[in-house]
Amino acid sequence: MSRSRGRGKGGPGKPAGKSGSGSGTGGGSRSSRRRRRGRGGGGGGAGTPAAARSPTEREFSCGGVVVRDGQCIVIQPVRPDNRRVIALPKGHPELGEDPPTAALREILEETGVTARVRERLGEVVYWYQRDGKRIRKTVRMYLCSHESGEPTPDGDEVSDARWVPLRQAIKELSFPGDRKMVTEALARTSGGR
């Protein structure tokens with residue numbers, strides 16, 4: 001996760017994740033991350049009437065559903081309000097980074113797991129408000145295969161990272177957008193493999 005944007009964790013009303021394209025494993029040191037906003041899972045509402053009159057900005061993030069043996073990785077982001085949220089790894093692309101590469105880097109940074117992009121799952125679009133501005137957030141998600149490593153939270157932006165059966169993840173995830181992406185991953189895999 002990149003930290004340059006003063007990241008807040010959350011769903012609707014909070015910023016969200018990153019991006020990546022390709023089947024590389026992603027890279028970068030966990031200690032070299034920059035602070036940034038982002039950790040939404042998607043599925044927010046259109047906001048208040050005041051938000052509709054606010055200036056509008058766009059954000060883009062990428063992430064992935066990493067599958068292995070019928071399970072996927074979920075994380076618990078650290079949030080300023082201490083609210084417990086279960087989400088998928090995601091975040092903003094860094095300068096010059098394509099979406100699949102960003103997704104893989106975010107997965108590695110947030111969970112310590114190296115993954116490979118199999119295919120694009122889809123995009124989740126939602127709105128939230130920050131500092132008086134209405135933000136249109138697009139999160140592009142990829143179906144990813146586990147390559148190596150076991151989920152380990154980074155301890156800074158993520159307090160928990162673990163394998164969860166796909167069907168259980170659909171129930172546990174906090175945001176409708178994340179649940180939709182895991183449902184799609186389940187449909188596209190043979191038993192979540």
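**Exercise 1. Describe the pairing of glutamate 59 with arginine 130 in this predicted model, and state how far apart in sequence the two residues lie.**

Solution. Begin with the atoms: glutamate 59 and arginine 130 form a salt bridge, with their closest N and O atoms 2.7 Å apart, where a salt bridge is a side-chain nitrogen of Lys or Arg within 4 Å of a carboxyl oxygen of Asp or Glu. Next, place the partners among the helices and strands, which are DSSP runs numbered from the N terminus (helices H or I, at least four residues; strands E, at least two). Glutamate 59 belongs to strand 1 and arginine 130 to strand 4, so the pair ties together parts that are 71 residues apart in sequence. Then consider accessibility, for which buried means under 20% relative accessible area, exposed over 50%, and partly exposed in between (1.4 Å probe, protein chains only). Glutamate 59 counts as buried because its relative accessibility is 12%, and arginine 130 counts as buried because its relative accessibility is 15%. Finally, salt bridges that share partners join Glu57, Glu59, Arg130, Lys133 and Lys137 into one network.

Before going on, note that this is a predicted model in which local features need pLDDT of at least 70 and side-chain atom pairs count only at pLDDT 80 or more, whereas totals for chains, interfaces and linings use all residues. Residues are numbered from 1 along each chain as its sequence is written, and side-chain values use heavy atoms, with hydrogens and water left out.

**Exercise 2. Locate the salt bridges of glutamate 119 with arginine 188 and of arginine 162 with glutamate 172, and classify the exposure of the four residues.**

Solution. Take the pair of glutamate 119 and arginine 188, whose side chains meet at 2.7 Å, N to O. This pair links distant parts of the chain, with glutamate 119 in strand 4 and arginine 188 in helix 4, 69 residues apart. Glutamate 119 has a relative accessible area of 32% and is therefore partly exposed, and arginine 188, at 31%, is partly exposed as well. Turn then to arginine 162 and glutamate 172, whose closest N and O atoms are 2.9 Å apart. Arginine 162 sits in strand 6 (residues 158-165) and glutamate 172 in helix 3, so this pair ties together parts that are 10 residues apart in sequence. Arginine 162 is partly exposed at 22%, and glutamate 172 is partly exposed at 27%. For the wider setting, the count by this rule comes to 18 salt bridges.

**Exercise 3. Examine helix 2 for its length, its covering and the setting of arginine 105.**

Solution. Check the length: the expected span is 1.5 Å times one less than the number of residues, so the 13 residues of helix 2 should span 18 Å, and the end C-alpha atoms are indeed 18 Å apart, which agrees. Next, assess the covering: 12 of the 13 residues are buried, among them Pro99, Leu104, Ile107 and Thr111. What covers the buried residues of helix 2 includes strand 1, strand 2, strand 3 (90-91), strand 4, strand 5 and strand 6. Now focus on arginine 105, which lies in this helix (residues 99-111) and counts as buried because its relative accessibility is 3%. The side chain of arginine 105 makes a polar contact with the side chain of glutamate 106 at 3.0 Å; a polar contact is a pair of N or O atoms within 3.5 Å, and within protein one must be able to donate a hydrogen and the other to accept it, while residues adjacent in sequence count only if both atoms are side-chain atoms. Just after the helix, glycine 112 takes a positive phi of about 80°.

**Exercise 4. Identify which residues touch the most other members in the largest nonpolar core, and which elements contribute to this core.**

Solution. A nonpolar core is a set of buried Ala, Val, Leu, Ile, Met, Phe, Trp, Tyr and Cys residues joined through side-chain atoms within 4.5 Å. In the largest one, of 22 residues, Val65, Cys72 and Val182 touch the most other members. The elements giving two or more residues to this core are strand 1 (56-68), strand 2 (71-77), strand 4 (114-130), strand 5 (133-148), helix 3 (166-172) and helix 4 (176-188). A second, separate core of 12 residues includes Ala103, Leu104, Val113 and Val117.

**Exercise 5. Decide where the model calls for caution, using pLDDT.**

Solution. pLDDT is the predictor's confidence in each residue, from 0 to 100. The chain averages 80, and 70% of the residues score at least 70. Over residues 1-40, however, pLDDT is below 50, although this stretch has 211 contacts (heavy atoms within 4.5 Å) beyond near neighbours in sequence. Where pLDDT is low, the predicted coordinates should not be read in detail.
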